[in-house]
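Here's a quick briefing for anyone meeting this structure for the first time. Have a look at the sequence and the model, then work through the points below.

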Amino acid sequence: MTALYAALPVYFDDDFASVVLENGTETIIAWLVPIGAAEATYVREKGWPAFEEELVRQDPDLLDVNRAEMTLG
């Protein structure tokens, strides 16, 4: 894994607040997911929405830092 993908913390319950107010400033809580070089290239070329569609379609185990990269076309 060579890059990081910032995502909403989807493994928490739906009532988990991903935006919190801290000292009068809204703060977003993000989950940093390690991704591989080919996945990072895909994001640069196709954009985050296309990558997120592949995440939903392929459903990789994002908690496994030793996972194989997704097959992206």
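Let's start with Glu-54 and Arg-57, which form a salt bridge with their closest N and O atoms 2.7 Å apart. Keep in mind that this is a predicted model. A search of the whole structure turns up 2 salt bridges, and after those we'll get to a pair of strands and a pocket.

**The salt bridge inside H2**

- Glu-54 and Arg-57 sit 3 residues apart in helix H2, so about one helical turn separates them.
- Is Glu-54 buried or exposed? Glu-54 is buried, because its relative accessible area is 14% and the cut-off for buried is under 20%.
- Arg-57 is another story: its relative accessibility is 60%, so Arg-57 counts as exposed.

**The salt bridge between Glu-39 and Arg-67**

- Glu-39 pairs up with Arg-67 in a salt bridge, and here the closest N and O atoms are 2.9 Å apart.
- Which parts does this pair tie together? Glu-39 belongs to helix H1 (residues 37–46) and Arg-67 to the segment after helix H2 (48–58), so the bridge links parts that are 28 residues apart in sequence.
- Glu-39 has a relative accessibility of 0%, so Glu-39 counts as buried.
- Arg-67 is buried as well, with a relative accessible area of 9%.

**Strands E1 and E4**

- Strand E1 (residues 3–7) pairs with E4 in the antiparallel sense, over 5 bridges.
- If you'd like one contact to look for, take Ala-7, whose bridge partner in E4 is Trp-31.
- Side chains alternate along E4 (residues 31–35). Trp-31, Val-33 and Ile-35 point to one face and are buried, while Leu-32 and Pro-34 point to the other face and are not buried.

**The largest pocket**

- The largest pocket has a volume of about 190 Å³.
- How many residues line the largest pocket? There are 12, and Tyr-5, Val-10, Trp-31, Leu-55 and Leu-62 are the ones nearest its centre.
- Two or more lining residues come from each of E1 and H2, and H2 gives the largest share, with 3 residues.
- By type, the lining of the largest pocket has 10 nonpolar residues, no polar ones and 2 charged ones.
- Trp-31 is worth finding in the viewer: Trp-31 is the bridge partner of Ala-7, one of the buried side chains of E4, and among the residues nearest the centre of the largest pocket.

Definitions and conventions:
Residues are numbered from 1 along each chain as its sequence is written. This is a predicted model: local features need pLDDT of at least 70, side-chain atom pairs count only at pLDDT 80 or more; totals for chains, interfaces and linings use all residues. Side-chain values use heavy atoms; hydrogens and water are left out. Buried means under 20% relative accessible area, exposed over 50%, partly exposed in between (1.4 Å probe, protein chains only). Helices (H or I, at least four residues) and strands (E, at least two) are DSSP runs, numbered from the N terminus. Two strands pair if DSSP finds at least two bridges between them. A salt bridge is a side-chain nitrogen of Lys or Arg within 4 Å of a carboxyl oxygen of Asp or Glu. On a 1 Å grid over the protein atoms alone, a cavity is a set of points where a 1.4 Å probe fits but cannot get out, and a pocket is an open set with protein on both sides within 12 Å along at least five of seven lines; lining residues have an atom within 4 Å of a point. Grid points are joined across faces, edges and corners, and a volume is the space filled by probe spheres set on the points. Ala, Val, Leu, Ile, Met, Phe, Trp, Tyr, Cys and Pro count as nonpolar, Asp, Glu, Lys and Arg as charged, and the others, Gly among them, as polar.
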